[in-house]
Amino acid sequence: MTPDNLPAVAGGPPLRSSPLAYGRHVLTDRDVDAVVVALRSGTLTGGLDVASFEAALEARCDVPHAVAVSSGTAALDLAVASLGIGAGDEVVTTPVTFVSTASAIVRSGAVPVFADVGDDRCLDPGAAARAVTSRTRALITVDYSGLPADVEALRAALPRPLPVIADAAHSLGASLGGRPVGSLADITTLSFHPVKQITTGEGGACLTADPALADRIRRLRNHGMTSSAEERGGMQWRYDVTCLGSNHRLTAFQAALGRSQLDRLVEVLARRRQLADRYDSMLRDIPGVGLPPRPPGRQSAWHLYAIEVAAEAFGCDRDTVIDALRAEGIEATLHYPAVHLLSLYRSRGYGPGTAPRAEALCSRLVTLPLHPAMSESDQDDVVVALARIQRWAATAPALR
Ligand SMILES: Cc1ncc(COP(=O)(O)O)c(C=O)c1O
């Protein structure tokens with residue numbers, strides 16, 4: 001089938017008989033064996049498996065402290081709490097993110113202040129600096145799609161020094177100026193949800209070079225207690241509670257899976273990069289398709305491959321493109337609707353015009369399938385489908 005065929009949305013036969021997901025985990029026999037060994041070790045939560053996973057993350061991300069937690073969302077909550085942020089404070093962040101980033105600020109009692117993004121689709125240093133007020137306590141950048149935000153440029157633009165949290169849910173394994181994600185911000189948060197570079201089912205981590213912050217995050221992960229269950233052996237049974245924490249622990253078998261997955265990170269990143277490069281070369285001639293940014297000095301971890309659809313040049317709007325790709329069996333999707341325009345945030349007083357570049361970007365983005373389990377032939381289907389939809393859209397007056 002060629003781009004000249006009628007797309008499924010216009011009555012043609014769908015390109016695919018089985019749907020192609022936008023993201024998917026890969027599990028090997030070695031991963032499964034690692035989980036089984038952990039399950040049989042006698043320790044189901046905490047213990048050596050968690051410590052070993054944390055040590056492997058520290059080595060990989062070139063950071064002294066990694067604290068494994070139950071999700072990327074928990075990692076954000078603990079990062080914000082560890083800085084003592086709460087009611088009356090403001091935290092500057094980007095609206096081009098999953099709602100989790102902003103909601104962590106709201107849950108702390110602080111107010112998210114949405115600043116605009118730059119050409120790299122990450123928080124723009126100038127816009128972030130202009131959003132800083134006397135109440136600002138921190139910034140949360142987001143490494144959108146796997147491209148690391150330029151934390152140094154952000155720090156340099158700020159009117160006064162402020163802690164920077166990097167939400168690196170998309171960017172484990174990425175680097176900026178040769179420095180790995182995890183070593184750039186004051187606290188970096190990771191997610192190990194199944195569509196990410198590595199998975200523990202659900203899981204996440206906080207990374208930091210600051211031992212006091214790491215200690216606080218460890219306590220907050222475990223109800224604010226001064227010792228963990230494994231530390232309370234023998235005569236060491238007493239403990240105190242020094243801050244309001246909760247249970248954000250990762251199980252031992254999840255950590256064993258994460259440790260095993262981390263061993264394959266280099267391979268996974270290489271495959272993601274190869275597919276992203278191949279998309280670039282195959283999509284660049286389709287009218288109205290904007291390719292992901294590739295700023296010099298930054299190596300993306302390619303969590304997402306998100307194109308921008310320019311409706312005029314393409315022939316139809318972004319929503320129609322996603323619907324038409326889905327009709328072909330290609331599960332294209334949107335990352336993300338601008339957070340400040342979601343109903344929850346509108347009900348809290350945010351609205352259009354807050355971050356015009358982000359709002360325009362979020363109306364054009366389409367995430368195409370990208371994951372290590374997909375083949376070149378899967379990828380060819382995506383490109384043929386998009387080309388077919390564009391040809392049809394360009395000649396279908398009803399769409400314009
Ligand atoms: C940018 C971003 N931040 C935070 C999260 C939350 O991670 P989790 O799903 O592990 O809670 C996600 C999840 O996809 C995300 O994409």
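What follows is a chat about a predicted model of a protein with a bound ligand.

Reader: Let's start with the ligand, which residues come nearest to it?

Author: Bearing in mind that the model is predicted, there are 16 residues around the ligand, and of these Gly72, Thr73, Asp167, Ser191 and Lys196 come nearest.

Reader: And how does that shell divide into nonpolar, polar and charged residues?

Author: The shell around the ligand holds 5 nonpolar residues, 9 polar ones and 2 charged ones.

Reader: How far is the polar side-chain atom of Thr73 from an oxygen atom of the ligand?

Author: That distance is 2.6 Å, from a polar side-chain atom of Thr73 to an oxygen atom of the ligand. Asp167 has a polar side-chain atom 2.7 Å from a ligand nitrogen atom, and for Tyr336 a polar side-chain atom is placed 3.1 Å from an oxygen atom of the ligand.

Reader: How much of the ligand does the protein bury?

Author: The ligand taken alone exposes 390 Å², and the protein buries 90% of that area.

Reader: Where does the space taken by the ligand rank among the pockets?

Author: The ligand takes up the space of the second largest pocket. Two elements, helix 3 (72-82) and helix 4 (99-108), give two or more residues to the shell around the ligand, and helix 3 supplies the largest share, with 3 residues.

Reader: Staying with helix 3, how many of its residues are buried?

Author: In helix 3, 9 of the 11 residues are buried, so the helix is mostly covered under the cut-off of under 20% relative accessible area. The buried residues are Gly72, Ala74, Ala75, Leu76, Asp77, Leu78, Ala79, Val80 and Ser82.

Reader: What caps the N-terminal end of helix 3, and what comes just after the helix?

Author: Ser71 is the cap at the N-terminal end, with a side-chain oxygen 3.3 Å from the backbone nitrogen of Thr73. Just after helix 3, Gly84 takes a positive phi of about 70°.

Reader: Can we look at Leu78 on its own, and why does it count as buried?

Author: Leu78 lies in helix 3, and it counts as buried because its relative accessibility is 4%, which falls under the 20% cut-off. Along the chain Leu78 and Arg221 are 143 residues apart, and their C-alpha atoms are separated by 7.3 Å.

Reader: Back to Tyr336 for a moment, where does it lie?

Author: Tyr336 lies in the loop between helix 11 (318-327) and helix 12 (343-346). The peptide bond that leads from His335 to Tyr336 is cis, with omega near 10°, and Tyr336 is also the residue with a polar side-chain atom 3.1 Å from a ligand oxygen atom.

Reader: Changing topic to the backbone, what is the phi of His223?

Author: His223 has a positive phi of about 65° although it is not a glycine. His223 has its place in the loop between helix 7 (211-221) and helix 8 (252-262), and it is partly exposed, with a relative accessible area of 34%.

Reader: And Trp302, is it buried or exposed?

Author: Trp302 is buried, with a relative accessible area of 4%. Trp302 sits in the loop between strand 11 (298-299) and strand 12 (305-309), and its phi is positive at about 45° although it is not a glycine.

Reader: Now Thr208, which strand is it found in?

Author: Thr208 is found in strand 9, residues 204-208, and at 1% relative accessibility it counts as buried.

Reader: What lies 2.8 Å or 3.1 Å from a polar atom of the side chain of Thr208?

Author: The backbone oxygen of Asp186 lies 2.8 Å from a polar atom of the Thr208 side chain, while the backbone nitrogen of Asp210 lies 3.1 Å from a polar atom of that side chain.

Reader: One more pair, how far apart in space are Leu123 and Ala393?

Author: From C-alpha to C-alpha, Leu123 and Ala393 are 33 Å apart in space, and in sequence they are 270 residues apart. Leu123 lies in the loop between strand 3 (111-114) and helix 5 (125-131), and at 4% relative accessibility it counts as buried.

Reader: And last, where does Ser375 lie?

Author: Ser375 lies in the loop between strand 13 (365-368) and helix 14 (376-394), and it is partly exposed, with a relative accessible area of 29%. The C-alpha atoms of Ser375 and Leu275 are separated by 8.9 Å, with their positions 100 residues apart along the chain.

Terms used
Residues are numbered from 1 along each chain as its sequence is written. This is a predicted model: local features need pLDDT of at least 70, side-chain atom pairs count only at pLDDT 80 or more; totals for chains, interfaces and linings use all residues. Side-chain values use heavy atoms; hydrogens and water are left out. A residue is near a molecule or strand if one of its heavy atoms lies within 4 Å of it. A polar contact is a pair of N or O atoms within 3.5 Å; within protein, one must be able to donate a hydrogen and the other to accept it, and residues adjacent in sequence count only if both atoms are side-chain atoms. Accessible areas come from the Shrake-Rupley method with a 1.4 Å probe; for residues, only the protein chains shown count as cover. On a 1 Å grid over the protein atoms alone, a cavity is a set of points where a 1.4 Å probe fits but cannot get out, and a pocket is an open set with protein on both sides within 12 Å along at least five of seven lines; lining residues have an atom within 4 Å of a point. A molecule sits in a cavity or pocket if more than half of its atoms lie within 2 Å of its grid points. Helices (H or I, at least four residues) and strands (E, at least two) are DSSP runs, numbered from the N terminus. Ala, Val, Leu, Ile, Met, Phe, Trp, Tyr, Cys and Pro count as nonpolar, Asp, Glu, Lys and Arg as charged, and the others, Gly among them, as polar. Buried means under 20% relative accessible area, exposed over 50%, partly exposed in between (1.4 Å probe, protein chains only).
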